[in-house]
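I opened my notebook to work through this one piece by piece. Here is what I wanted to look up, in the order I got to it.

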Amino acid sequence: MGLRWLLLLSAGQLAAGTCEIVTLDRDSSQPRRTIARQTARCACRKGQIAGTTRARPACVDARIIKTKQWCDMLPCLEGEGCDLLINRSGWTCTQPGGRIKTTTVS
């Protein structure tokens, strides 16, 4: 699942309003649980900041990040439900079959 839609202007330079995944580490050592840590690099326009849209890194309205209204950036895949964590440290994406993915922001 690559980010082929990304437009690179020149070596190492991103097109305005786009992001790329820099690192992706997965840990599946715990039964029934996978912990993934992702780092992205973004070239966001004024008033935007790095976020997540449809489970991919994206430039989103900075207001969403400041107010921690994570579900406003549409972080879950099509058909999944989004809910804020109680302490607003992230969100959950619930799939129609009941599987839940939790994302925390650090």
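How many nonpolar, polar and charged residues does the lining of the largest pocket have, by class? I looked it up, keeping in mind that this is a predicted model. The lining has 20 nonpolar, 10 polar and nine charged residues.

**Entry: the pocket**

I stayed with the largest pocket for a while. Its volume comes to about 1700 Å³. I counted 39 residues in its lining, and Ala36, Arg37, Gln38, Thr102 and Thr103 are the ones that lie nearest its centre. Which strand gives the largest share of the lining? That turned out to be E4, with nine residues. Strand E4 covers residues 33-43, and strand E3 covers 18-30; these two, along with E5, E6, E8 (90-94) and E9 (100-104), each supply at least two lining residues.

**Entry: the whole chain**

Next I stepped back to get the overall layout. The chain has one helix and nine strands. Reading from the N terminus, I wrote the order down as β-β-β-β-β-β-α-β-β-β. There are 106 residues, and 24% of them count as buried. The exposed surface of the chain is about 7600 Å², with 51% of it supplied by carbon and sulfur atoms. I also checked contacts between residues at least 6 apart in sequence: 17% of those join residues at least 24 apart.

**Entry: Thr39**

I picked a threonine in strand E4, namely Thr39. Is Thr39 buried or exposed? Neither, really: Thr39 is partly exposed, because its relative accessible area is 41%, and the "partly exposed" label covers values between 20% and 50%. Then I looked for its company. Skipping the neighbours within four places in sequence, Thr39 is in contact with Glu20, Ile21, Val22 and Thr23. I took the distance for one of them: the C-alpha atoms of Thr39 and Ile21 are 6.0 Å apart, while the two residues are 18 apart in sequence.

**Entry: the E5 and E6 hairpin**

I moved on to strands E5 (residues 48-53) and E6 (residues 56-61). They pair in the antiparallel sense, and I noted six bridges. At one spot, Thr53 stands opposite Arg56 in E6. How many residues sit between E5 and E6 in this hairpin? There are two. Arg54 belongs to that loop between E5 and E6. What caught my eye is that Arg54 has a positive phi of about 50 degrees although it is not a glycine. I checked its exposure too: at a relative accessible area of 34%, Arg54 is partly exposed.

**Entry: E7, E8 and E9**

I went to strand E8 last, and looked at its partners on either hand. Strand E7 (81-84) comes before a loop that leads to E8, and Arg88 is found in that loop. E7 and E8 run antiparallel and are joined by four bridges. One of the pairs I wrote down is Leu84 with its bridge partner Trp91 in E8. This hairpin has five residues between the strands. Arg88 has a positive phi, near 60 degrees, in a residue other than glycine. Like so many loop residues I would want to check, I looked up its exposure: Arg88 is partly exposed, with a relative accessible area of 34%.

E8 also runs antiparallel to E9, and five bridges join them. Trp91 turns up again here, with Thr103 as its bridge partner in E9. The hairpin of E8 and E9 has five residues between the strands, and Gly98 takes a positive phi near 100 degrees in it.

Why do I call E8 largely enclosed by the rest of the structure? Four of its five residues are buried, so that description fits. Thr92 lies in this strand. Thr92 counts as buried because its relative accessibility is 14%, and the cut-off for buried is under 20%. Which residues does Thr92 touch, not counting those up to four places away in sequence? My list reads Cys76, Gly81, Cys82, Asp83, Leu85, Ile100, Lys101 and Thr102.

Methods:
Residues numbered from 1 in each chain as written. Predicted model: local features only at pLDDT ≥ 70, side-chain atom pairs only at ≥ 80, totals over all residues. Heavy atoms only, no water. Pairing = 2+ DSSP bridges. 1 Å grid on protein atoms, 1.4 Å probe; cavity = no way out; pocket = protein on both sides within 12 Å on 5 of 7 lines; lining within 4 Å. Points joined across faces, edges and corners; volume = space filled by probe spheres on them. Nonpolar A, V, L, I, M, F, W, Y, C, P; charged D, E, K, R; others polar. Buried < 20%, exposed > 50% of the residue type's maximum accessible area, 1.4 Å probe, protein only. Contact = heavy atoms within 4.5 Å. Areas by Shrake-Rupley, 256 points an atom, 1.4 Å probe, with all protein chains shown as cover.
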